[in-house]
Amino acid sequence: MSAGILFAQNSRAKVTERQKIIYELEQEIPSGDVLDFLRKCDFQIQNGIKKGENISFIKLSRFATAVKIYIDYRWFVADTGLSKKWMEKIYNLLAYMNKTKRYMQTAEFNGRTDTEKYKKAVKYFLLAYKRFNKLIRKPVRADSGLVQSARNEKSKWRKAMRKKYNIKKEDIWN
């Protein structure tokens, strides 16, 4: 996930397959990063609503895609301690807001903002945003037993991969 971003930033550097594997082994996502990202999404959506700025459905789609990437990350629960079900609810709300906003922007473009269907879409968009905001305020942690077992599984996986690719502790810091 992040390995491509990291190595794409410095395209002149020659990155070996071994370095990519080492990076993947040592990659972690702190829960603070995930929560900060969600707060930024909330802030941008809120500004779009309050200031009357038109937040595009494309931006909402980007937010939903980023949340989906977090959900699909193999060690999400082990790294963050957050509940995957909670993140899936957030993803579903963002995806719904995206679809609703797409309809709203199409109606605005076509000049059909006075229809009942458009007014319902605006109402449902605001309702979805309120639910999203409420979910963000109270992050749900995964069960401590589940988090611990996921961390143990990740630790075993790391150990097996280090053995498979003959990676020593000295290699990680170089």
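F37, F63 and Y70 form one aromatic cluster. The exercises below start from this cluster.

This is a predicted model, in which local features need pLDDT of at least 70 and side-chain atom pairs count only at pLDDT 80 or more, while totals for chains, interfaces and linings use all residues. Residues are numbered from 1 along each chain as its sequence is written, and side-chain values use heavy atoms, with hydrogens and water left out.

**Exercise 1. Describe the aromatic pairs: F37 with Y70, then W75 with W157.**

Step 1. Set the rule. Rings of Phe, Tyr and Trp (its six-membered ring) pair if their centres lie within 6.5 Å; planes under 30 degrees apart count as stacked, over 60 as edge-to-face and the rest as tilted.

Step 2. Count. The structure holds three aromatic pairs.

Step 3. Take F37 and Y70. Their centres are 6.0 Å apart and their planes meet at 65 degrees, an edge-to-face pair. The pair links distant parts of the chain: F37 is in helix α3 and Y70 in helix α4, 33 residues apart. Helices are DSSP runs (H or I, at least four residues), numbered from the N terminus.

Step 4. Check burial. Buried means under 20% relative accessible area, exposed over 50%, and partly exposed in between (1.4 Å probe, protein chains only). F37 counts as partly exposed because its relative accessibility is 21%. Y70 has 14%, so Y70 is buried.

Step 5. Take W75 and W157. This pair is tilted, at 5.6 Å centre to centre and 45 degrees between the planes. W75 sits in the loop between α4 and α5, W157 in helix α8, 82 residues away. Both W75 and W157 are buried.

**Exercise 2. Which face of α4 is buried, and what does that face pack against?**

Step 1. Check the length. The expected span is 1.5 Å times one less than the number of residues. For the 16 residues of α4 this gives 22 Å; the end C-alpha atoms are 22 Å apart, which agrees.

Step 2. List the buried residues of α4. They are L60, F63, A64, V67, Y70 and I71.

Step 3. Look down the axis of α4. The buried residues fall within an arc of 115 degrees, so they line one face of the helix. The arc is that of the directions from the helix axis to the C-beta atoms.

Step 4. Turn to the other side. The face of α4 turned away from its buried side carries the exposed residues R62 and D72.

Step 5. Find the partners. The buried residues of α4 pack against α3, α5, α6 and α7. Contact means heavy atoms within 4.5 Å.

**Exercise 3. Locate the largest nonpolar core and the contacts of I45.**

Step 1. Define the core. A nonpolar core is a set of buried Ala, Val, Leu, Ile, Met, Phe, Trp, Tyr and Cys residues joined through side-chain atoms within 4.5 Å.

Step 2. Find the centre of the contacts. The largest core has 43 residues, and I45, M87, I90 and F132 have the most contacts inside it. At least two residues of this core come from each of α2, α3, α4, α5, α6, α7 and α8.

Step 3. Follow I45. Leaving out residues up to four places away in sequence, I45 touches I55, L60, F63, L94, M97, Y129 and F132.

**Exercise 4. Compare the settings of three salt bridges: E17 with K20, E28 with R158, and K154 with D79.**

Step 1. Apply the cut-off. A salt bridge is a side-chain nitrogen of Lys or Arg within 4 Å of a carboxyl oxygen of Asp or Glu. By this rule the count is six.

Step 2. Start with E17 and K20. Their closest N and O atoms are 3.7 Å apart. Both residues lie in helix α2, three residues apart, about one turn of the helix. E17 is exposed because its relative accessible area is 55%. K20 has 34%, so K20 counts as partly exposed.

Step 3. Move to E28 and R158. The closest N and O atoms of this salt bridge are 3.1 Å apart. E28 is in the loop between α2 and α3, R158 in helix α8, 130 residues apart. At 13% relative accessibility, R158 counts as buried.

Step 4. Finish with K154 and D79. Their side chains meet at 2.5 Å, N to O. K154 is in helix α8 and D79 in helix α5, 75 residues apart. K154 is buried, with a relative accessible area of 5%. D79 is buried too, at 12%.
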